Amino acid sequence: MLEISNDFNLKSYGRFPEELSDPKNFKDRMVEVSRLFQGMGESYLEHLGDDSKISGSEKKNLIEHLENILLVLVMLRKIDFSPADEETYIRKDRGLFELRLRFTDGSVWELTGSIRPEYKMKQRVFKEWFNTSFSTDIKTFYAIYGSAGLDKQITAEEKIQITKQIDRIIIEIVEMIVYIERFMLFQ
(Lines give C-alpha, C1' and ligand atoms only; values in the text may rest on other atoms or scores of the structure.)
Protein backbone atom coordinates (compact mmCIF):
# COMPACT_ATOMS: atom_id res chain seq x y z
CA MET A 1 0.00 0.00 0.00
CA LEU A 2 1.45 3.33 -1.07
CA GLU A 3 1.05 6.01 1.58
CA ILE A 4 0.83 9.56 0.23
CA SER A 5 1.21 12.46 2.67
CA ASN A 6 -0.42 15.86 2.14
CA ASP A 7 2.89 17.28 0.90
CA PHE A 8 3.36 14.30 -1.47
CA ASN A 9 5.95 12.34 0.42
CA LEU A 10 5.55 8.71 -0.55
CA LYS A 11 6.15 5.54 1.40
CA SER A 12 5.54 1.86 0.80
CA TYR A 13 7.15 -1.25 2.17
CA GLY A 14 6.61 -4.94 2.30
CA ARG A 15 7.95 -8.43 2.01
CA PHE A 16 8.15 -10.44 -1.17
CA PRO A 17 5.58 -13.27 -1.29
CA GLU A 18 7.34 -16.53 -0.52
CA GLU A 19 5.92 -18.44 -3.47
CA LEU A 20 7.39 -15.94 -5.97
CA SER A 21 10.58 -14.93 -4.16
CA ASP A 22 12.57 -18.12 -4.74
CA PRO A 23 15.28 -17.22 -7.28
CA LYS A 24 14.38 -20.35 -9.26
CA ASN A 25 10.88 -18.94 -9.91
CA PHE A 26 12.02 -16.36 -12.46
CA LYS A 27 9.58 -17.55 -15.13
CA ASP A 28 6.72 -17.37 -12.63
CA ARG A 29 7.57 -13.72 -11.89
CA MET A 30 7.71 -12.88 -15.60
CA VAL A 31 4.37 -14.60 -16.22
CA GLU A 32 2.86 -12.87 -13.17
CA VAL A 33 3.64 -9.39 -14.55
CA SER A 34 1.86 -10.29 -17.77
CA ARG A 35 -1.06 -11.91 -15.94
CA LEU A 36 -1.52 -8.92 -13.61
CA PHE A 37 -1.27 -6.45 -16.51
CA GLN A 38 -3.89 -8.33 -18.49
CA GLY A 39 -6.10 -8.73 -15.42
CA MET A 40 -5.93 -5.02 -14.74
CA GLY A 41 -7.02 -4.22 -18.30
CA GLU A 42 -9.92 -6.65 -18.09
CA SER A 43 -10.95 -5.34 -14.67
CA TYR A 44 -10.87 -1.76 -15.87
CA LEU A 45 -13.02 -2.52 -18.92
CA GLU A 46 -15.44 -4.52 -16.78
CA HIS A 47 -15.78 -1.75 -14.17
CA LEU A 48 -16.04 1.00 -16.72
CA GLY A 49 -18.94 -0.77 -18.41
CA ASP A 50 -21.59 1.13 -20.29
CA ASP A 51 -21.65 4.17 -18.01
CA SER A 52 -17.97 5.17 -18.61
CA LYS A 53 -17.78 6.21 -14.95
CA ILE A 54 -15.31 5.18 -12.27
CA SER A 55 -16.52 4.78 -8.69
CA GLY A 56 -14.49 4.83 -5.48
CA SER A 57 -14.38 1.03 -5.27
CA GLU A 58 -13.24 0.86 -8.90
CA LYS A 59 -10.42 3.32 -8.15
CA LYS A 60 -9.41 1.14 -5.20
CA ASN A 61 -9.40 -1.91 -7.48
CA LEU A 62 -7.17 -0.15 -10.06
CA ILE A 63 -4.74 0.87 -7.33
CA GLU A 64 -4.57 -2.70 -6.00
CA HIS A 65 -3.76 -4.00 -9.49
CA LEU A 66 -1.04 -1.36 -9.91
CA GLU A 67 0.44 -2.14 -6.49
CA ASN A 68 0.54 -5.87 -7.31
CA ILE A 69 2.37 -5.20 -10.59
CA LEU A 70 4.72 -2.84 -8.74
CA LEU A 71 5.57 -5.56 -6.21
CA VAL A 72 6.43 -8.15 -8.88
CA LEU A 73 8.56 -5.62 -10.80
CA VAL A 74 10.44 -4.75 -7.59
CA MET A 75 11.03 -8.49 -7.11
CA LEU A 76 12.29 -8.94 -10.67
CA ARG A 77 14.61 -5.97 -10.22
CA LYS A 78 16.09 -7.24 -6.96
CA ILE A 79 16.12 -11.00 -7.48
CA ASP A 80 16.78 -11.37 -11.19
CA PHE A 81 18.36 -8.32 -12.77
CA SER A 82 20.13 -6.25 -10.12
CA PRO A 83 20.62 -8.36 -6.99
CA ALA A 84 23.67 -6.40 -5.79
CA ASP A 85 21.67 -3.16 -5.44
CA GLU A 86 20.83 -2.55 -1.81
CA GLU A 87 19.49 0.91 -2.62
CA THR A 88 18.65 2.76 -5.79
CA TYR A 89 17.16 6.11 -6.79
CA ILE A 90 14.71 6.53 -9.63
CA ARG A 91 14.20 10.10 -10.82
CA LYS A 92 11.90 11.86 -13.21
CA ASP A 93 11.93 15.44 -14.48
CA ARG A 94 15.37 16.40 -13.10
CA GLY A 95 14.63 14.97 -9.66
CA LEU A 96 11.36 16.84 -9.09
CA PHE A 97 9.83 13.38 -8.72
CA GLU A 98 12.16 10.97 -6.96
CA LEU A 99 11.87 7.48 -5.53
CA ARG A 100 14.29 5.58 -3.33
CA LEU A 101 14.05 1.82 -3.37
CA ARG A 102 15.85 0.08 -0.53
CA PHE A 103 16.25 -3.60 0.20
CA THR A 104 16.96 -4.90 3.67
CA ASP A 105 17.21 -8.38 5.15
CA GLY A 106 15.95 -11.14 2.90
CA SER A 107 12.81 -10.23 1.07
CA VAL A 108 11.97 -6.93 2.79
CA TRP A 109 11.82 -3.79 0.67
CA GLU A 110 11.00 -0.13 1.21
CA LEU A 111 10.05 2.55 -1.27
CA THR A 112 10.15 6.21 -0.26
CA GLY A 113 10.01 9.31 -2.36
CA SER A 114 8.65 12.74 -2.95
CA ILE A 115 6.95 14.79 -5.59
CA ARG A 116 7.93 18.43 -5.41
CA PRO A 117 5.31 21.13 -5.98
CA GLU A 118 7.10 22.21 -9.18
CA TYR A 119 6.59 18.79 -10.73
CA LYS A 120 3.86 18.92 -13.35
CA MET A 121 1.80 15.77 -13.07
CA LYS A 122 0.06 15.07 -16.33
CA GLN A 123 -3.71 15.15 -16.20
CA ARG A 124 -4.49 11.83 -17.75
CA VAL A 125 -7.31 9.67 -18.87
CA PHE A 126 -6.59 6.28 -17.32
CA LYS A 127 -7.68 4.40 -20.43
CA GLU A 128 -5.28 6.36 -22.66
CA TRP A 129 -2.42 5.94 -20.16
CA PHE A 130 -3.07 2.21 -19.90
CA ASN A 131 -3.41 1.67 -23.67
CA THR A 132 -0.47 3.83 -24.71
CA SER A 133 2.17 4.64 -22.10
CA PHE A 134 1.81 1.71 -19.73
CA SER A 135 1.24 -1.02 -22.31
CA THR A 136 4.15 0.34 -24.37
CA ASP A 137 6.43 0.28 -21.30
CA ILE A 138 5.41 -3.32 -20.49
CA LYS A 139 5.88 -4.43 -24.11
CA THR A 140 9.26 -2.67 -24.22
CA PHE A 141 10.30 -4.51 -21.05
CA TYR A 142 9.44 -7.88 -22.60
CA ALA A 143 11.09 -6.90 -25.91
CA ILE A 144 14.35 -5.88 -24.19
CA TYR A 145 14.33 -9.07 -22.14
CA GLY A 146 13.46 -11.21 -25.20
CA SER A 147 16.23 -9.66 -27.26
CA ALA A 148 18.74 -10.12 -24.44
CA GLY A 149 17.74 -13.76 -23.98
CA LEU A 150 18.04 -14.78 -27.62
CA ASP A 151 21.54 -16.14 -27.11
CA LYS A 152 20.48 -17.79 -23.80
CA GLN A 153 22.93 -15.55 -21.93
CA ILE A 154 22.01 -12.16 -20.45
CA THR A 155 25.10 -9.97 -20.10
CA ALA A 156 25.71 -7.38 -17.40
CA GLU A 157 25.00 -4.59 -19.91
CA GLU A 158 21.72 -6.23 -20.92
CA LYS A 159 20.72 -6.54 -17.25
CA ILE A 160 21.38 -2.81 -16.84
CA GLN A 161 19.08 -2.04 -19.79
CA ILE A 162 16.36 -4.32 -18.42
CA THR A 163 16.71 -2.73 -14.96
CA LYS A 164 16.40 0.77 -16.46
CA GLN A 165 13.14 -0.26 -18.14
CA ILE A 166 11.85 -1.76 -14.88
CA ASP A 167 12.71 1.51 -13.11
CA ARG A 168 10.82 3.47 -15.78
CA ILE A 169 7.74 1.31 -15.20
CA ILE A 170 8.06 1.54 -11.41
CA ILE A 171 8.02 5.35 -11.40
CA GLU A 172 5.13 5.39 -13.92
CA ILE A 173 3.09 3.07 -11.70
CA VAL A 174 3.77 5.19 -8.60
CA GLU A 175 2.81 8.36 -10.49
CA MET A 176 -0.43 6.77 -11.69
CA ILE A 177 -1.29 5.59 -8.16
CA VAL A 178 -0.78 9.15 -6.88
CA TYR A 179 -2.86 10.47 -9.77
CA ILE A 180 -5.72 8.02 -9.12
CA GLU A 181 -5.64 8.67 -5.35
CA ARG A 182 -5.41 12.44 -5.43
CA PHE A 183 -6.40 13.84 -8.80
CA MET A 184 -8.61 11.46 -10.75
CA LEU A 185 -12.11 12.84 -10.67
CA PHE A 186 -15.16 10.73 -10.18
CA GLN A 187 -17.06 10.84 -13.42
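How many bridges join S2 to S5? In this predicted model, the count is seven, and the two strands run antiparallel. That pairing is a good place to begin a walk through the sheet.

The sheet is open and has five strands, arranged in the order S1-S2-S5-S4-S3 with antiparallel pairing. At its edges lie strand S1 (3–4) and strand S3 (87–92), each of which pairs on one side only. As a reminder for the reader, strands of a sheet pair through backbone hydrogen bonds, either parallel or antiparallel.

Taking the pairs in turn, S1 and strand S2 (residues 9–15) are joined in the antiparallel sense by two bridges. Here isoleucine 4 has leucine 10 of S2 as its bridge partner. Moving on to S2 and S5, arginine 15 stands opposite valine 108 in S5. Strand S5 also pairs with S4, again in the antiparallel sense, over seven bridges. Within that pairing, arginine 100 is found opposite threonine 112 of S5. S4 and S5 form a hairpin with four residues between the strands, and in this hairpin glycine 106 takes a positive phi near 60 degrees.

How much of S5 is covered, mostly or little? The strand is mostly covered, with six of its eight residues buried. On the helical side of the picture, helix H3 (residues 56–81) lies across S3, strand S4 (97–103) and strand S5 (108–115). The direction of H3 makes an angle of about 60 degrees with S4.

Attention now turns to a pair of helices. Helix H4 (residues 126–148) packs against helix H5 (residues 156–183) at an angle of about 165 degrees, and their axes are 9 Å apart. Because angles over 145 degrees count as roughly antiparallel, H4 is described as roughly antiparallel to H5. The crossing of the two helices is left-handed.

Which residues meet where H4 and H5 come together? From H4, the participants include Phe126, Trp129, Phe134, Phe141 and Tyr145, along with Asp137 and Thr140. From H5, they include Ile162, Ile166, Ile169, Ile173, Met176 and Ile180, together with Glu158, Gln161 and Arg168. Taken as a whole, the residues of this contact divide into 14 nonpolar, three polar and four charged.

Technical notes: Residues numbered from 1 in each chain as written. Predicted model: local features only at pLDDT ≥ 70, side-chain atom pairs only at ≥ 80, totals over all residues. Heavy atoms only, no water. Pairing = 2+ DSSP bridges. Contact = heavy atoms within 4.5 Å. Axes fitted to C-alpha atoms, helices over the stretch in contact; angles between N-to-C directions. Parallel < 35°, antiparallel > 145°, perpendicular 65-115°, else oblique. Left-handed = near helix turned anticlockwise from the far one by under 90°. Nonpolar A, V, L, I, M, F, W, Y, C, P; charged D, E, K, R; others polar. Buried < 20%, exposed > 50% of the residue type's maximum accessible area, 1.4 Å probe, protein only.
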